[in-house]
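Here are a few notes from going through the model, mostly on salt bridges and core packing. Have a look at the structure first, then read on.

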Amino acid sequence: MPVQVMSPTEEAKLIEVFSSIQGEGLWVGCRQIFVRFSDCNLACHYCDTPHQPQPNCRIEDAPGSGQFRSLPNPVSLEILHGILSHWHRNVPGMHHSLSLTGGEPLAQIDALQFWLPQLRELLPVYLETNGTLPVALEKIIGHVDYVSMDFKLESVSGEETPWDAHRDFLRISTAVEGFVKVVVSEQTPVDEILRAAELVHDVAPQMPLVIQPLTEQGRCAVRGTVLLQLQQEVSRIHSAVRVIPQTHRFIDVV
């Protein structure tokens, strides 16, 4: 579905705000504050994250407490900044960065343009994105420190892979640190992931490619032999390739 065009605003529609351990990609194991935005411009089959707008969002009472309270949507920058400032003062140095996740954060680009200069004064900004909205990324890349960019392979997402959008998005992402993540299943064709590797190597040869096996019912749904074979084939094109599952699922944190 197309992203709705919004006027500039200091408010955004959120799903939740909490403190936890990053479970995916290169910064796995780092403690982050997660701000989950509602709305997404895609509808991937494997997505396990609710992102439909809700009348309220949930905010953790204290970092890692697991206790939440509700706030009405949309949430203002003033309210969010106050909560995060309080957390940062109480546990200075614990959080590596502020993870903007979703949904798709860039679907609310007008709010991000207003929010990020002030939020970045608290913590570095870590953007988790489906990598399909390059025009939006270009507007805020100067306020982002890390990019975790998904490549949406058709064999897993159920939608045609947006190769051109991924290429444009990746080119802009090279301005900061980051990596490309591809979720794979047992049915992912080798030539599909090789095409992704070729694109990464062509546009951002310094950027690591992370193969992430699909998680189903709380466990890795791809055999180790399949992952080893995919890594072997990809490494012929792009040597900076790693296999990293969703580790937060294994230690039972959000």
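**Notes on the predicted model**

1. Let's start with Glu233: at a relative accessible area of 17%, Glu233 is buried. Its salt-bridge partner is Arg236, with 3.4 Å between the closest N and O atoms. Arg236 sits on the other side of the scale, exposed at 60%. Bear in mind that this is a predicted model.

2. There's also a salt-bridge network: Glu24, Asp150, Lys152 and Lys181 are joined through shared partners. The count of salt bridges comes to 12.

3. Arg223 and Glu186 are worth a look, with closest N and O atoms 2.9 Å apart in their salt bridge. This one ties together distant parts of the chain, 37 residues apart: Arg223 is in the loop between S13 and H7, while Glu186 is in the loop between S10 and H6. Arg223 is exposed at 53%, and Glu186 is partly exposed at 27%.

4. For a bridge inside one helix, see Arg171 and Asp168, which meet at 3.3 Å, N to O. Both belong to H5 (residues 163-173) and are three residues apart, about one turn. Arg171 is partly exposed at 44%, as is Asp168 at 36%.

5. Now the packing. The largest nonpolar core has 63 residues, and Leu84, Leu106, Phe151 and Leu170 touch the most other members. Helix H6 (residues 190-203) gives this core its largest share, seven residues. Leaving out residues up to four places away in sequence, Leu170 touches Met149, Phe151, Val180, Leu199, Val200, Val203, Ala204 and Met207. A separate core of six residues includes Trp27, Tyr146, Val210 and Ile244.

Note on methods
Residues numbered from 1 in each chain as written. Predicted model: local features only at pLDDT ≥ 70, side-chain atom pairs only at ≥ 80, totals over all residues. Heavy atoms only, no water. Core = buried A, V, L, I, M, F, W, Y, C linked by side-chain atoms within 4.5 Å. Buried < 20%, exposed > 50% of the residue type's maximum accessible area, 1.4 Å probe, protein only. Helix = DSSP H or I, 4+ residues; strand = E, 2+ residues; numbered from the N terminus. Contact = heavy atoms within 4.5 Å. Salt bridge = Lys/Arg side-chain N within 4 Å of Asp/Glu carboxyl O.
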